[in-house]
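Me: I should be grateful for a close look at one part of this protein, with the surroundings described as far as they help to place that part.

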Amino acid sequence: MTDPDGGRTPPSESRFCQPDRNESALGGPRAPLASRPYAVWQSPNYRLYAISWFLIVFGKAVETVAVGIHIYDRTRDPMALGWLGLVQALPIIVLAMAGGQIADRFDRRRVLMVMLAVTSSVAAGLAVVSATGAPVQWMYMLLGVGAIGQALGGPARAAFLPQLVSAESFSHAITWNSSVFQTATMIGPAVGGLIVGATQSATTAFLLIIACRLLSLAAISAIRPPPVERPAEPVTLETFLAGIRFVWRTRLILATIALDLFAVLLGGATYLLPIYAQEILKVGPSGLGFLRSAEAVGAVSMAMLLAHLPPLQRAGRTMLLAVAGFGVATIFYGLSTSFWLSLAMMFLIGALDNISVVVRHTLVQMLTPDAMRGRVSAVNNIFIVASNDIGGLESGLTARLMGPVASVVAGGIGAIAVVISAARIWPEILTIGSLADVRPLDSSAAPAASAASGADSSGDEESVSCETA
């Protein structure tokens with residue numbers, strides 16, 4: 001590879017996989033940031049971001065449980081739960097690219113504040129619908145409005161984090177973010193289920209969600225990020241589609257998000273949890289909350305383990321094994337008629353899925369230049385929403401046709417098949433090494449990244465595998 005000055009750059013010194021220099025400003029040795037898992041918490045901006053993120057996810061977790069119970073109690077139709085996925089997925093699939101443009105052209109903090117104001121209003125509307133007993137169609141409409149806000153503001157939230165932490169500590173920031181996410185996901189469903197079970201109504205849960213989102217808005221408004229120069233070029237079809245082209249040409253990003261898309265789309269069982277809780281396991285709303293929380297407990301446990309261990313040295317191989325294990329745990333969950341076995345399987349599903357989350361998000365954010373992070377995050381959001389929410393529609397449809405047990409078991413088998421297929425289509429996944437060494441690509445470097453799997457030992461091709469000796 002040739003560096004910008006015209007000289008030869010050794011393969012290990014590529015511009016996106018630069019090794020840490022463990023020398024302090026005074027010339028003495030220091031512990032690299034990658035080995036200090038709590039370093040990111042020293043930043044006031046990151047602490048405020050993490051508080052806001054916790055409140056966003058906690059509120060969404062409570063909302064998911066409350067809406068699911070309310071709609072299933074009103075309809076007793078598995079497909080009604082599947083429609084929830086479609087209503088929340090379509091706006092993001094259609095508008096996410098516009099959200100990416102917004103994130104790359106405007107102040108990401110302000111965009112996120114507007115999104116939180118919109119979703120707070122949605123929670124207020126849901127409370128009114130629940131309190132008045134209005135038709136469930138109003139809930140679908142309000143959730144669709146909230147999804148529009150997420151589509152236009154979500155890429156700004158994802159692209160905002162790299163502005164707040166250093167590149168060296170970013171993989172730990174992603175791990176802690178995942179811990180925050182899963183802690184909120186662990187507590188939120190249990191709280192939502194207990195509130196609905198105690199009050200026999202979702203209204204109180206929606207009032208709690210309003211408070212969470214307003215507090216999250218206050219935390220984001222207090223962040224003071226460093227200034228970032230925004231591109232001045234006009235919006236064209238070329239700039240609009242730049243994120244899609246970057247993902248398509250950067251095979252490691254494409255491979256990891258496609259793996260997650262199809263594994264979760266087929267193997268996700270969360271939309272059918274209300275059916276399992278009420279009809280198969282017979283544990284009611286409180287049991288539903290604990291089932292959702294068990295998944296989050298597993299994810300938090302794995303996140304804490306990843307945060308305190310050295311960075312994964314063979315991240316690609318570990319991710320493939322984790323997704324395969326996710327499929328196996330899904331099969332056992334689908335066959336279980338024991339509440340305790342189901343809790344254990346949900347714990348494993350959360351723990352194994354979190355490995356994929358950390359690897360994928362680190363690669364997506366750290367291989368992407370800052371000027372394109374909004375648009376690339378938008379593409380990633382489309383994949384995530386398609387896997388989770390369209391997966392919910394798929395689960396509802398197959399549950400209606402085959403029954404919930406067959407739907408979940410077939411999904412777990414499908415997730416394992418996806419791992420085998422991904423390893424054959426993108427063998428370079430197996431070359432992903434340490435996440436601590438990943439650095440952003442230049443926009444023009446993506447073609448080289450796509451050719452990484454063909455690099456030879458002479459160092460004439462760039463590689464994004466970042467493997468260490």
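How many salt bridges does the structure hold? Please concentrate on these pairs and on the helices that carry them.

Reply: The model is a predicted one, and the structure holds 3 salt bridges. As a general matter, side chains of opposite charge can pair when their charged atoms come close. The pairs are taken in turn below, followed by their setting in the chain.

Glu 63 is a suitable place to begin. Its side chain forms a salt bridge with Lys 60, with 2.7 Å between the closest N and O atoms. Both residues belong to helix α1, where a spacing of 3 residues puts them about one turn of the helix apart. The two partners differ in their cover: Glu 63 counts as buried because its relative accessibility is 3%, under the 20% limit. Lys 60, with a relative accessible area of 29%, is partly exposed.

Glu 63 also meets the side chain of Arg 213 in a salt bridge, at 3.2 Å from N to O. This pair links distant parts of the chain, since Glu 63 lies in helix α1 and Arg 213 in helix α6 (residues 203–221), 150 residues apart. Arg 213 is buried, with a relative accessible area of 7%.

The remaining pair consists of Asp 104 and Arg 108, whose side chains meet in a salt bridge of 3.0 Å, N to O. Asp 104 has a relative accessible area of 1% and is buried. Arg 108 likewise counts as buried, at 1% relative accessibility. Through shared partners, salt bridges join Lys 60, Glu 63 and Arg 213 into one network.

Arg 213 has a further neighbour to consider, Ser 120. Ser 120 is found in helix α3, which spans residues 108–132. With neighbours within four places in sequence left aside, Ser 120 is in contact with Ile 210, Arg 213 and Leu 214. At 6% relative accessibility, Ser 120 counts as buried.

The wider setting of these pairs is helical: the chain has 16 helices and 0 strands. Of its 469 residues, 56% count as buried. Among contacts with a separation of 6 or more, 85% are between residues 24 or more positions apart. The largest nonpolar core has 120 residues, and those with the most contacts inside it are Phe 206, Leu 291 and Tyr 333. Helix α1 (residues 44–75) gives the most to this core, contributing 15 residues. Helix α1 is also the helix that holds both Glu 63 and Lys 60.

Aromatic pairing supplies another set of side-chain pairs, and the structure holds 7 aromatic pairs. In one of them, the rings of Trp 41 and Tyr 46 have centres 5.0 Å apart and planes at 75°, so the pair is edge-to-face. Trp 41 is partly exposed at 27% relative accessibility, whereas Tyr 46 counts as buried at 0%. Ring pairs link these two residues with Trp 176 into a cluster.

Two other helices illustrate buried positions elsewhere in the chain. In helix α10 (residues 273–280), Leu 273, Pro 274, Ile 275, Tyr 276 and Ala 277 are buried. After α10 comes Lys 282, which has a positive phi near 55°. Ala 242 has its place in helix α8 (residues 242–249) and counts as buried, at 11% relative accessibility. Apart from neighbours within four places in sequence, Ala 242 is in contact with Met 372 and Arg 375. The C-alpha atoms of Ala 242 and Gln 101 are separated by 9.7 Å, although the two residues are 141 residues apart along the chain.

The surface completes the description. The chain exposes about 18600 Å², of which carbon and sulfur atoms supply 67%. A nonpolar patch on the surface is formed by Trp 138, Met 141 and Val 145, which together have about 290 Å² of accessible area. Trp 138 is found in helix α4 (residues 137–160) and counts as partly exposed, at 44% relative accessibility.

To return to the part requested, the salt bridges that share partners form one network of Lys 60, Glu 63 and Arg 213, and Asp 104 is paired with Arg 108.

Methods: Residues numbered from 1 in each chain as written. Predicted model: local features only at pLDDT ≥ 70, side-chain atom pairs only at ≥ 80, totals over all residues. Heavy atoms only, no water. Patch = residues over 30% accessible without salt bridge, like charges linked within 9 Å, V, L, I, M, F, W, Y side chains within 5 Å. Areas by Shrake-Rupley, 256 points an atom, 1.4 Å probe, with all protein chains shown as cover. Salt bridge = Lys/Arg side-chain N within 4 Å of Asp/Glu carboxyl O. Helix = DSSP H or I, 4+ residues; strand = E, 2+ residues; numbered from the N terminus. Buried < 20%, exposed > 50% of the residue type's maximum accessible area, 1.4 Å probe, protein only. Core = buried A, V, L, I, M, F, W, Y, C linked by side-chain atoms within 4.5 Å. Contact = heavy atoms within 4.5 Å. Phe/Tyr/Trp six-rings, centres within 6.5 Å; stacked < 30°, edge-to-face > 60°.
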